[in-house]
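Biologist: Could you take me through one part of this model up close? I'd like to hear how a pair of helices packs, and then how the chains meet.

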2 protein chains.
Amino acid sequence: MTEDPRRRVTLADVARRAGVSTALVSVVMRDAPGASQASRERILGVAKELGYRPDVRARSLASLKAHVIGVLFGKAGRFHLELLDGLYAAAEERGWDLALSALTDSRDEKQAVDSLRDFRLDALVMLGPPVPEPLLAGQVPVVVVGWHVDHPEVDIVRTSDEHGMALAVDHLVSLGHSRIAHLEGGSGLVAQARRDAYRSAMRAHGLEAQIRVVPCGGEDQLDGQRGARALLQAGSELPTAVVAFNDDIAAAAMSVLAQQGIDVPRDISVIGFDDSVLAQSPGIDLTSIRQVPREMARLAVERIVARTDGADVADREIVLEPGLRVRTSTGPVRES
Amino acid sequence: MTEDPRRRVTLADVARRAGVSTALVSVVMRDAPGASQASRERILGVAKELGYRPDVRARSLASLKAHVIGVLFGKAGRFHLELLDGLYAAAEERGWDLALSALTDSRDEKQAVDSLRDFRLDALVMLGPPVPEPLLAGQVPVVVVGWHVDHPEVDIVRTSDEHGMALAVDHLVSLGHSRIAHLEGGSGLVAQARRDAYRSAMRAHGLEAQIRVVPCGGEDQLDGQRGARALLQAGSELPTAVVAFNDDIAAAAMSVLAQQGIDVPRDISVIGFDDSVLAQSPGIDLTSIRQVPREMARLAVERIVARTDGADVADREIVLEPGLRVRTSTGPVRES
DNA sequence: CGAATCTTCTAGAACGGTCTAGGGCTGCGG
DNA sequence: CCGCAGCCCTAGACCGTTCTAGAAGATTCG
């Protein structure tokens, strides 16, 4: 209170006030063994009273383990913000810190990782956009969230595209659909996986003859409109249902269909993927496949902590099961 | 090369290799005065050869000025990513570092700032979401990007909503419109500013009698649909043009109108705000007001550097002029 | 009752930089 | 030839932590 408010409270301040050494305060703050219950409580009291917060920089400098997780993110959307939210929560719970680095147009993966390196991270979480070959793999624990990557030293936390697509196709089949097309999402890793998953799901129902992949060329609304037009102009009869690469494409397609006087879900059913805000909008109200970002984030942090502690976790890939969120964009096949 | 690759290259490594003291290397790396041209070149050469990168933590610990800008962001969308992109570029140019902190559902402003504080930032940039009272103001230089705030010690970089709205209304008036409604964006600071700006712009054209603010309640597509329905159900005759709080609302409104068989721009013209990707989508192709995120970011960093250097900049607010991007969602008023 | 062990605490050296004070050189005027 | 700048450079303290080694005091045990 009487101090210069500009200067932050340090370990030494707490130690002086409590009449102990800085080392002891350090022990207590880290919740490490080697302090009596009595002094633990007293020191924590003083620390709280003074509003002490440890300096991450000094802490990570001094300790071999900085307990800092670097996070690479890009394409920030709702889903990614929720992942971040989950990461923050999980990291804080474990006493770790997060250092974020954004991937932008003029800032590639290498630059982003380098700048994180300046902070001496000791683990890396990659939220995307998907790249086939993660940097830093092998040097520190790396967890990739949301897509699959083939690397012996990279952990993966993702939602099962296979299962998600199967849910979507199952749902449509149970509504009587069989001419089910797929609006794909371009050449990305996730798009590939979902495309393959669509094919498998169709085959599982004996519908290989009905397999129809409509190219969009990308994964945003613009691409969705392009795909929808391709679907319409193909000349042949329209499918009775469509499962899209994601909600953006599904929603964009729906609006193109609406412009052509084609009613959803009466004339055609549409399913999205990711259950984003878009899907939840009343005017769109899209049946979609739901991922669980917070859970994914928690598992990613858990895995990092385990690797850092030297735990010998055998499996590299954690696959979560998605859920189906039914809304009004899907309905029974129309009697013709 | 022969070293343990796990260990990072330090100042001492460079110094040893170059046969000088660490202090001299430090001088050279900081580009500070006090080293001869000859040794400067030699040391830089060695540093590059060894792949030396200074440790941000140690650097900021040791120096009073850490040269770290804390960045608060939330609602990450295209616009915010571009702001980040600009911040990275401008900061790097000046030798500063960025420390990001995200605002999420379960992580409020205070938490986000506290975690940044642990990194000992010496300036703060707030990208949103808009809050009326910025934390940390007065302790370190604070720059708010994108909205206005009343605080004697906070710098502001924003685009002129007044000018933007004037551009939109001017454009519509020049096309012959007079019944121009505004789809507002809820209770946020920016929404208020744009609402007021709309009113002023209408008054400037002697159209106060035509002022019509349609409530949406918020600023995303969901709210836009709500607003469009309110517009339609109001009973009275439809306006011939609408200027929306942002592109999301405009696009959502357009799709609702389309569903009702109302053609854009034949029956009604629509203008958005922000010129986001959405506005640029072919199927939407929305006339919109364009902000310049990279320029805003650059100015924010510039201002921070100035404040840190103790420059006595009098004006607190930098207001950029937006531009009008005309696309196909606006057209001449229909002859009735 | 003295030695061994455990618990609790502390001194002091890192960590990788910055920065102040001062020590050699050189060149120049007196 | 000496004194005095001025330029380059270095030694060493310091930033706020962690961590190792070891010192006191309490406790157990032979």
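Modeller: Sure, and keep in mind that this is a predicted model. In chain B, take helix α7 (residues 161-174) and helix α8 (residues 189-204): their axes come within 8 Å of each other and cross at roughly 45°. An angle of roughly 45° is neither under 35 degrees nor in the 65 to 115 range, so α7(B) counts as oblique to α8(B). As for the hand of the crossing, α7(B) passes α8(B) in a right-handed way.

Now for the residues that do the touching. From α7(B) you have D161(B), E162(B), M165(B), A166(B) and V169(B). Facing them from α8(B) are V190(B), A193(B), R194(B), A197(B), Y198(B), A201(B) and M202(B). Sort that contact by class and you get nine nonpolar residues, three charged ones and no polar ones.

Stepping out to the chain pair, chain B and chain A each put 50 residues into their contact. Together they bury about 4,400 Å², with 52% of that on carbon and sulfur atoms. On the chain B side, the residues losing the most area to chain A are R57(B), F119(B) and R120(B), which together make up 17% of what that side buries.

There's charge pairing here too: eight salt bridges turn up across the interface of chain B and chain A. If you want a salt bridge to zoom in on, try D118(B) with R53(A), where the side chains meet at 3.0 Å, N to O.

Conventions
Residues are numbered from 1 along each chain as its sequence is written. Chains are lettered from A and ligands numbered from 1 in the order in which they are written. This is a predicted model: local features need pLDDT of at least 70, side-chain atom pairs count only at pLDDT 80 or more; totals for chains, interfaces and linings use all residues. Side-chain values use heavy atoms; hydrogens and water are left out. Axes are lines fitted to C-alpha atoms, for helices over the stretch in contact, and angles run from 0 to 180 degrees between N-to-C directions. Helices (H or I, at least four residues) and strands (E, at least two) are DSSP runs, numbered from the N terminus. Angles under 35 degrees count as roughly parallel, over 145 as roughly antiparallel, 65 to 115 as roughly perpendicular and the rest as oblique. A crossing is left-handed if the near helix is turned anticlockwise from the far one by less than a right angle, and right-handed if clockwise. Contact means heavy atoms within 4.5 Å. Ala, Val, Leu, Ile, Met, Phe, Trp, Tyr, Cys and Pro count as nonpolar, Asp, Glu, Lys and Arg as charged, and the others, Gly among them, as polar. Buried area is the accessible area (1.4 Å probe) that two parts lose on being put together, summed over both. A salt bridge is a side-chain nitrogen of Lys or Arg within 4 Å of a carboxyl oxygen of Asp or Glu.
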